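Please look through the sequence and the structure below before reading on. The paragraphs after them point to places worth finding in the viewer.

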Amino acid sequence: MGLTIAQKIIKEHLISGDMTVGSEVALRIDQTLTQDATGTMAYLEFETMGIPRVRTELSVAYIDHNTLQSGFMNADDHRFIQSMAKKYGLYFSRPGNGICHQVHLERFGKPGKTLIGSDSHTPTGGGIGMLAFGAGGLDVAVAMGGGAYYITMPKMYKVNLTGKLQDFVTAKDVSLEILRILSVKGGVGAIIEWGGPGVATLSVPERATITNMGTELGATTSIFPSDEVTRAFLAAEGREEDYVPLASDEDAVYDRVIDIDLSALEPLIACPHSPDNIVKVSELKGTKVDQVCIGSCTNSSLMDMLKVAALLKGKTIRPDVSLSISPGSKQVLAMLADCGALSDILASGARVLECACGPCIGMGFSPNSGGVSLRTFNRNFEGRSGTKDGQVYLVSPETAVAAALTGEISDPRLLGADGAGMPEIAMPDAFKIDDSAIIPPADIEEAKELPILRGPNIKAFPDSKPQEDELTANLTLKVGDNITTDHIMPAGSKILPYRSNIPHLSQYCFEVCDETFAERAKAAGESIIVGGNNYGQGSSREHAALVPLYLGVRVVIAKSFARIHIANLINAGIMPLTFKNPDDYDKLNQDDKLTIKNIYDGMDSGSFVMTSDKGAEIQLEGSFTDRQKDILKSGGLLKYVARG
């Protein structure tokens, strides 16, 4: 039986375990990346391990989330990360150099390599043929130290592409179509491979848009073949020597095959407040738009920006619409300036923001009260924009431009109604290479004498307790389905500066769901949280586990969990359990006193019994590997690693 692309890479990087679906496998990691919202904690964790130098082929620290630098906190964090990178052997991408996934694709990504990053959209690297995973900071810290990355061996899905995209229909529409088919939890436990004759019609930036949005499916990762299109992209980046061909075997077996005819697609839009709430753009024609944002790690490539500039050229946005444009990297911005496209963008009335994540994570450019904002981003969770009642829609850059020019949701194909069609944008033969904002590490001897620079906002990693055989605790919070890490630990300009200060950050935990939670959890001492389906979807931020840990949360019970969050909970020493009968969720109420006995036996058997002071007896399940049991009994991954 032949192998898929992902199976080939896993086989080549397998340290232990067997490649049977559902079993745990340990992988050797070639590259890591961090960003500043998660990086400070990851480097504190790495420092705790006492390893003098990173042991990967390449590790890069990016600054792209907290670039606003309001107050001293962000600047201190950036200085700390830069000093860690210089001392411990990482490359450091300075603020303004660009979004981690865009820059990594341009300058570092290699087909066939493994990559984990402390950002959930790390699978963007799959657009260039990497096996790239989003992970918690602790997992990244362990990988930087040369340790294995553990995953549950996924199923293999294939999306078979035929045809070619029509004018004004884009890779973003392909992403929205697969979300329409599978939903935000339809990819859980699977790697999605994109194949078929239609793949050859898609550029690497288009492929990267699709693998980036694969995160919203709950998929383990997504990957494209490495072919002549990949070779041309790497050659244009001056890195043709990094090219290796990658393809699945003809007799590879997939657990599911989905067919998409690219030529049959039309512009799509994700409505508030979920990336899978998808309709045709034409169905919302005439909806008033207040704000448009173009950028993010999903749609900020040079190709995207050149198309935007071409559609805006000679036109002016509506006076009642605010338009922001965030190029994905310094390379993109410089090339826009050199060819005159930046002038076309500025002349339209658009505001050009820094090469950073910006509005995508609520870092500025929030919409007005109740405002409709069309964004080329990957998430539209409630409140994520920074405006609690903002109505955020996800669209392609072309649909975004159409809205900015007309003041309402409009089918972008109308921009070509005069017969002109979509302007032809070709991939450059050579990108402008300037790596001056990527600072290399010190050599080993120099590094020994270098200090680590830390400011007063950087606090210690929260302490954890070993999981004991019996727990009695109050149910301090009960929440519903699709609780995201933004619900658990919000982002935004008010909160992000405190990512390295867990005690301060804790006051915002679950603020979106219940403003009293943090205070009540602290008062309870130890507590349990109950959730619905797909608990912990969204960002990989481990703060959504570390802050509950600090507040005394010992167990989270849900109908189902998102992949990265369940790993982060275990790494933090919090036990994740699921209902054997999902209807038992209705038997529990906030403030119930709950007891779980014989926890160690339950870890071995996978079955637990929980009783409440109201008389309910509830069957729970939890599937843990021997390694995960030891992590929980040790009090989290850091203590497990320290124990040896």
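What follows is a walk through helices, charged pairs, aromatic pairs and a surface patch.

The model is predicted, and local features are described here where pLDDT is at least 70. Residue numbers start from 1 along each chain.

Start with helix 4, which spans residues 100-107. Of its 8 residues, 8 are buried, so this helix is largely enclosed by the rest of the structure. The buried residues are Cys100, His101, Gln102, Val103, His104, Leu105, Glu106 and Arg107. The list includes charged side chains, among them Glu106 and Arg107.

Arg107 leads on to the charged pairs. Side chains of opposite charge can pair when their charged atoms come close. The structure holds 35 salt bridges, and one of them joins the side chains of Arg107 and Asp435, with an N to O distance of 2.9 Å. Arg107 belongs to helix 4, while Asp435 sits in the loop between helix 12 (397-406) and strand 20 (438-439), so the bridge ties together parts that are 328 residues apart in sequence. Are the two partners buried or exposed? Arg107 counts as buried because its relative accessibility is 13%, under the 20% limit. Asp435 has a relative accessible area of 32% and is therefore partly exposed.

A second salt bridge is formed by Lys614 and Asp592, whose closest N and O atoms are 3.1 Å apart. Both partners lie in loops: Lys614 between strand 26 (607-612) and strand 27 (617-621), Asp592 between strand 24 (575-579) and strand 25 (593-596), so the bridge connects parts 22 residues apart in sequence. Lys614 is exposed, at 57% relative accessibility, whereas Asp592 is buried, at 1%.

Lys629 and Asp604 form a third such pair, again with the closest N and O atoms 3.1 Å apart. Here the partners lie in helices: Lys629 in helix 20 (residues 626-634) and Asp604 in helix 19 (residues 599-605), so the pair ties together parts 25 residues apart in sequence. In this bridge the lysine, Lys629, is buried at 10% relative accessibility, and the aspartate, Asp604, is exposed at 53%. Elsewhere, Glu266, Lys280, Asp411 and Arg413 are joined into one network by salt bridges that share partners.

Next come the aromatic side chains. A search of the whole structure finds 8 aromatic pairs. In one of them, Phe510 and Phe517 have ring centres 5.2 Å apart and planes at 75°, so the pair is edge-to-face. Phe510 and Phe517 are both buried. Another pair is made by Tyr535 and Phe561, with ring centres 5.8 Å apart and planes at 80°, so this pair is edge-to-face as well. It links distant parts of the chain: Tyr535 is in the loop between strand 22 (527-530) and helix 17 (543-550), and Phe561 is in the loop between strand 23 (553-558) and helix 18 (563-572), 26 residues apart. Tyr535 is buried, with a relative accessible area of 2%, and Phe561 is also buried, with a relative accessible area of 10%.

From Phe561, go on to helix 18 itself. How many of the 10 residues of helix 18 are buried? The number is 7, so helix 18 is largely enclosed by the rest of the structure. These buried residues are Ile564, His565, Asn568, Leu569, Ile570, Asn571 and Ala572. Gly573 follows helix 18 and has a positive phi, near 90°.

Helix 6 (residues 171-182) offers a contact between separate stretches of sequence, and Ala171 is part of this helix. Ala171 is buried, with a relative accessible area of 6%. Its C-alpha is 6.4 Å from that of Thr209, although Ala171 and Thr209 are 38 residues apart in sequence.

Finally, turn to the surface. Which residues gather there in a patch of negative charge? They are Glu468, Asp469, Glu470 and Asp601. Glu468 lies in the loop between helix 13 (444-447) and strand 21 (471-478). At 46% relative accessibility, Glu468 counts as partly exposed.

Technical notes: Side-chain values use heavy atoms; hydrogens and water are left out. Patches are made of residues with over 30% relative accessible area and no salt bridge: like charges are joined within 9 Å, nonpolar side chains (Val, Leu, Ile, Met, Phe, Trp, Tyr) within 5 Å. Accessible areas come from the Shrake-Rupley method with a 1.4 Å probe; for residues, only the protein chains shown count as cover. A salt bridge is a side-chain nitrogen of Lys or Arg within 4 Å of a carboxyl oxygen of Asp or Glu. The place of a charge is taken as NZ of Lys, CZ of Arg, CG of Asp or CD of Glu. Helices (H or I, at least four residues) and strands (E, at least two) are DSSP runs, numbered from the N terminus. Buried means under 20% relative accessible area, exposed over 50%, partly exposed in between (1.4 Å probe, protein chains only). Rings of Phe, Tyr and Trp (its six-membered ring) pair if their centres lie within 6.5 Å; planes under 30 degrees apart count as stacked, over 60 as edge-to-face and the rest as tilted.
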